[in-house]
Amino acid sequence: MEYRLWFGKFVNDRFEKADDLRKSFSESCNSAPLPFSVSDIGKEIFGDDYYRILRRVAIEVAEEHVERELKREDRYVISLVRTLDEIANTANLLDERLRELKEIKNSQLVEMFEEKLIELKSLRGDIEKEIEDVMRKIAPNLSEIVGEKIGARLLEKAGSLEKLANYPSSTIQVIGAEKSLFKALSRIRKGKKAKVPKHGVIFQHPFIKTLPKKKRGKMARFMANKIAIAAKIDYFRGELDESLSEEVWRRYEQLSRS
Amino acid sequence: MFKVEMEGKTRLFTRSAYPSHYGERKIGDYREWLPSRSKLASIILKGYVPGIKRDTRLLYLGAATGTTASHVSDIVDGGVIYAVEYSAKPFQKFLRLAMERKNIIPIFADAGNPERYSGIVEKVDFIYQDIAQRNQVGIFVRNFEFFGKSGAEGIICVKAKSIDSTADPDEIYRKVIESLESRFEIMEWNELEPYHRDHIFISVRWKG
């Protein structure tokens, strides 16, 4: 039996005090509830200083982790989104190859290939879940409004949370529709009639997709507005503001009824 | 904590030797506790007094930037608050509070994984949870399994929209309370209107 406490561990009823408290604090993970209270043991060892030392170590560890976390997480999501795309593409190609192979010969190797391919596909689900978790953490407002998936996609196109937070809502509205936007712009420059896109990535959102065509532009504009605000809150403050998603919800109800 | 009739309204204050944390007023030694910013404040203003005392050992799940936690820290000045939050940005602000207050132990972790901090948090008298997540009830129960003393009390704030954005809130509340009943004695519950829309709090006692 092993119990890991923040200041050391019990191995078969023998206690070993940790040399590096920060390390043991970060590793004090147990799969089941401890049968005793950590502080009872701790006070035997540290006496009245227990909480003072615990607090100091907790703050030091937290500072370090937060800093690391803030630097990395948006790049992590972006990289995951791209990985997801590439897996989807690759899986399709390999699928075709597998079908061809199967028609020719059903060898053991072909079976192995099939198994690996199934594994690769199930990895997609795992990556999607991870994207959702991280998005909730680094962009709670964005996730609340458009969902983690679309939020992650916006982030990927923008390049970083900082950039997304600095985009105007008009840009956010057409992220992912660059091709048709620039086509339209060049037509306008030549003095021809042009169709400017109403929505890019955010079209995927059910609130836009399910509206009749005429109203989609209105909804997309409104939503892009709120996304722009959400991205700014996420980047600068990081706290969830529930009123934003409620506004989007209300606007949708308004448009879908009228 | 103190309720005062002021400016035609009932206002809530906690006695605090520390400065203002989130822009709230400070009058003398008292910090105003705003119900619009803190669900716990709105619970108290709605007339329910939770069993948090001077020497309570408390686990706080979802500390965010520490608005509510700062007042809880005022109340339990002889106790300890273990505060868990996993979002880096608000945690930064919360950390500043934790450095100032002697009774807050900040833990940067996901409340959904109590294993991760099982060797840090002691057995506690009270668990307060304010996290808007779909599986928040499961998370609440797991934390009681890990850290609740027998007979420990707790408050869970439930946001209907974050459990199911389409279903009827009353239906969601009924289901949540039903799912809590097997492990807890339900002591009180109420909506948080007019301070927070589509939210309820449930006050419970751990049966385990």
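This report walks through the chain A fold, some aromatic contacts, and the empty spaces of a predicted model.

**Chain A in outline**

Chain A has eleven helices and three strands. Read from the N terminus, the elements run β-β-β-α-α-α-α-α-α-α-α-α-α-α. So much for the order; now for burial. Chain A has 258 residues, and 42% of them count as buried.

**Helix α2 of chain A**

Helix α2 of chain A covers residues 38-46. Its buried residues are Val38(A), Ser39(A), Ile41(A), Gly42(A) and Phe46(A). How do these buried residues fall when seen down the axis of α2(A)? They fall within an arc of 155°, so they line one face of the helix. Just after α2(A) comes Gly47(A), which takes a positive phi of about 65°.

**Aromatic rings**

Over all chains, the structure holds 26 aromatic pairs. One of them joins Phe207(A) and Tyr252(A). Their ring centres are 4.2 Å apart and their planes are at 5°, so the pair is stacked. The pair links distant parts of the chain, since the two residues are 45 residues apart. Phe207(A) is in helix α9 (residues 206-209) of chain A, while Tyr252(A) is in helix α11 of chain A. Are these two residues buried or exposed? Phe207(A) is buried, and Tyr252(A) is buried too.

Ring pairs also build a cluster in chain A. Its members are Tyr3(A), Trp6(A), Phe7(A), Phe10(A), Phe15(A), Phe36(A), Phe46(A), Tyr50(A) and Tyr51(A). Phe46(A) is also one of the buried residues of α2(A).

A ring can meet a charge as well. The charged end of Lys89(B) sits over the ring of Tyr235(A). The distance to the ring centre is 5.1 Å.

**A buried arginine in chain B**

Arg31(B) is in strand β4 (residues 30-33) of chain B. With a relative accessibility of 0%, Arg31(B) counts as buried, because the cut-off is under 20%. Arg31(B) and Ala17(B) are 14 residues apart in sequence. In space, they are 9.1 Å apart, C-alpha to C-alpha.

**Empty space**

Rolling a probe the size of a water molecule over the atoms shows where empty space is left. Two such spaces are set side by side here.

| Space | Volume | Nonpolar | Polar | Charged |
|---|---|---|---|---|
| Second largest pocket | about 1,000 Å³ | 14 residues | 13 residues | 13 residues |
| Largest cavity | about 40 Å³ | seven residues | two residues | two residues |

The pocket comes next. In the second largest pocket, 40 residues form the lining. Which of them are closest to its centre? They are Glu239(A), Leu240(A), Glu242(A), Lys39(B) and Ala64(B). Several elements each supply at least two residues of the lining. From chain A these are α4 (108-138) and α11 (242-257). From chain B they are β5 (57-61), α2 (67-75) and β6 (80-85). The largest share, three residues, comes from α11(A). Helix α11 of chain A also holds Tyr252(A) of the stacked pair.

Now the cavity. The structure holds one cavity of 30 Å³ or more. Residues from chain A in the lining of the largest cavity are Pro33(A), Leu34(A), Phe36(A), Ser37(A) and Val38(A). From chain B come Ser118(B), Val121(B), Glu122(B), Lys123(B), Phe146(B) and Phe147(B). Two of these names appeared earlier. Phe36(A) belongs to the ring cluster, and Val38(A) is a buried residue of α2(A).

Note on methods. Residues are numbered from 1 along each chain as its sequence is written. Chains are lettered from A and ligands numbered from 1 in the order in which they are written. This is a predicted model: local features need pLDDT of at least 70, side-chain atom pairs count only at pLDDT 80 or more; totals for chains, interfaces and linings use all residues. Side-chain values use heavy atoms; hydrogens and water are left out. On a 1 Å grid over the protein atoms alone, a cavity is a set of points where a 1.4 Å probe fits but cannot get out, and a pocket is an open set with protein on both sides within 12 Å along at least five of seven lines; lining residues have an atom within 4 Å of a point. Grid points are joined across faces, edges and corners, and a volume is the space filled by probe spheres set on the points. Helices (H or I, at least four residues) and strands (E, at least two) are DSSP runs, numbered from the N terminus. Ala, Val, Leu, Ile, Met, Phe, Trp, Tyr, Cys and Pro count as nonpolar, Asp, Glu, Lys and Arg as charged, and the others, Gly among them, as polar. Buried means under 20% relative accessible area, exposed over 50%, partly exposed in between (1.4 Å probe, protein chains only). The arc is that of the directions from the helix axis to the C-beta atoms. Rings of Phe, Tyr and Trp (its six-membered ring) pair if their centres lie within 6.5 Å; planes under 30 degrees apart count as stacked, over 60 as edge-to-face and the rest as tilted. A charge sits over a ring if NZ of Lys or CZ of Arg is within 6 Å of the ring centre and within 35 degrees of the ring normal.
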